[in-house]
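This briefing covers how some helices are packed and how some aromatic rings are paired. Please look at the model first, then read the points below.

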Amino acid sequence: MENISSSHILTVTALNDWDWTSRILLFSFALPCYLLTIVMNATLILIIAFEKTLHDPMYIFLCNLCVNDLCGTTGFYPKALAYLLTERNVISHKECIVQGLVIIVYAIGEFTNLSVMAVDRYIAICRPLHYHSIMSPFTVLSLVTFIWVFPCSLGAMSISLTLKYPFCRHEINRLFCENLSLLNLACKQDIFQGVFNGFVYISMGVFFVFVLFSYFKIILACRKSKVNREKFYSTCIPHLITFLNTTCGLSDALCTEFKVETLSHVVYTFLSIINLTVPPIVNPVIYGIKLGPIRAKILYIFRRSRINNL
């Protein structure tokens, strides 16, 4: 940490080619998206927290996914909105490091959440008679601990390795700070950093394959039972859509890792923020529409508010 001085600042160059009108237009779109993301995820969290009938493993894991989405968007939006309203697009080293930590925890946390949710759905559909004995309170607590400890540990290690060498460059070509961008600013890189980043990507690849394998087994089980098919359509479809949504957003990380030069600067900027903006606003919509108990509770709240206003 002694390599980083609080007086040092980094310049964000992602908006250099944007005129003032374009910035205002993007701000007028981004701010409502941010507020809507907060409201929808907070609504799901509060419904699950206060409705005792939703204190099942599936909804507990969904609540953790919403919390992770709130962390990711809060790590990105406030600073990005400030860039859009000012022509001085700068961030201090310390702020950049904190933002980078939050974003890497969010990115890995999406996969740990979705992997645990896949395990829950696999047991519920493929081993329904043993579901409650397997998904005991201790097991649920252990899985929730894994959801958060694994990404936080990798995030802390990643940032620690990033701070191993001082920064010789001070320009970031994205709207936010993250591990790979910080590594590119360092005066020197060593093989251990590359090995660790490889481990992070392999871990996310393992989670990806694990979710696909789980749903392959679930689909095979659904072919033999009408009850299982109904469970699949009601509880697994939202999870699959969320999983595909998150996976598609990884085009951002691939663009950075392989330095895709054929993309225009504007397209690259939009690709880089997909994973931070789209899943957090789409996930609560998907689960709110498809999961019957949550949908019923939301409709009940709206109806009661309308009656109170009459």
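Helix 2 and helix 5 cross with a right-handed turn in this predicted model. Their axes come within 11 Å and cross at roughly 15 degrees. Since that angle is under 35 degrees, helix 2 counts as roughly parallel to helix 5.

**Where helix 2 meets helix 5**
- On the helix 2 side, the contact involves Pro 57, Ile 60, Phe 61, Asn 64, Val 67 and Asn 68.
- On the helix 5 side, these residues meet Val 140, Leu 143, Val 144, Ile 147 and Trp 148.

**Helix 5**
- Helix 5 spans residues 137–162, 26 residues in total.
- From first C-alpha to last, helix 5 reaches 38 Å, close to the 38 Å expected at 1.5 Å a residue.
- Buried residues of helix 5 include Val 140, Leu 143, Val 144 and Ile 147, and Pro 151, Leu 154 and Gly 155 are also among them.
- The cover over the buried residues of helix 5 includes helix 2 (57–85), helix 3 (93–126), helix 6 (179–185) and helix 7 (191–222).

**Aromatic rings**
- The model has eight aromatic pairs, counting ring centres within 6.5 Å.
- In one pair, the ring centres of Phe 146 and Phe 150 are 5.6 Å apart and the planes lie at 35 degrees, so the pair is tilted.
- Phe 146 and Phe 150 are four residues apart in helix 5, which means that about one helical turn separates them.
- Phe 146 is partly exposed, at 31% relative accessible area, and Phe 150 is partly exposed at 22%.
- Tyr 34, Phe 76, Tyr 77 and Phe 176 are linked by ring pairs into a cluster.

Definitions and conventions. Residues are numbered from 1 along each chain as its sequence is written. This is a predicted model: local features need pLDDT of at least 70, side-chain atom pairs count only at pLDDT 80 or more; totals for chains, interfaces and linings use all residues. Side-chain values use heavy atoms; hydrogens and water are left out. Helices (H or I, at least four residues) and strands (E, at least two) are DSSP runs, numbered from the N terminus. The expected span of a helix is 1.5 Å times one less than its number of residues. Buried means under 20% relative accessible area, exposed over 50%, partly exposed in between (1.4 Å probe, protein chains only). Contact means heavy atoms within 4.5 Å. Rings of Phe, Tyr and Trp (its six-membered ring) pair if their centres lie within 6.5 Å; planes under 30 degrees apart count as stacked, over 60 as edge-to-face and the rest as tilted. Axes are lines fitted to C-alpha atoms, for helices over the stretch in contact, and angles run from 0 to 180 degrees between N-to-C directions. Angles under 35 degrees count as roughly parallel, over 145 as roughly antiparallel, 65 to 115 as roughly perpendicular and the rest as oblique. A crossing is left-handed if the near helix is turned anticlockwise from the far one by less than a right angle, and right-handed if clockwise.
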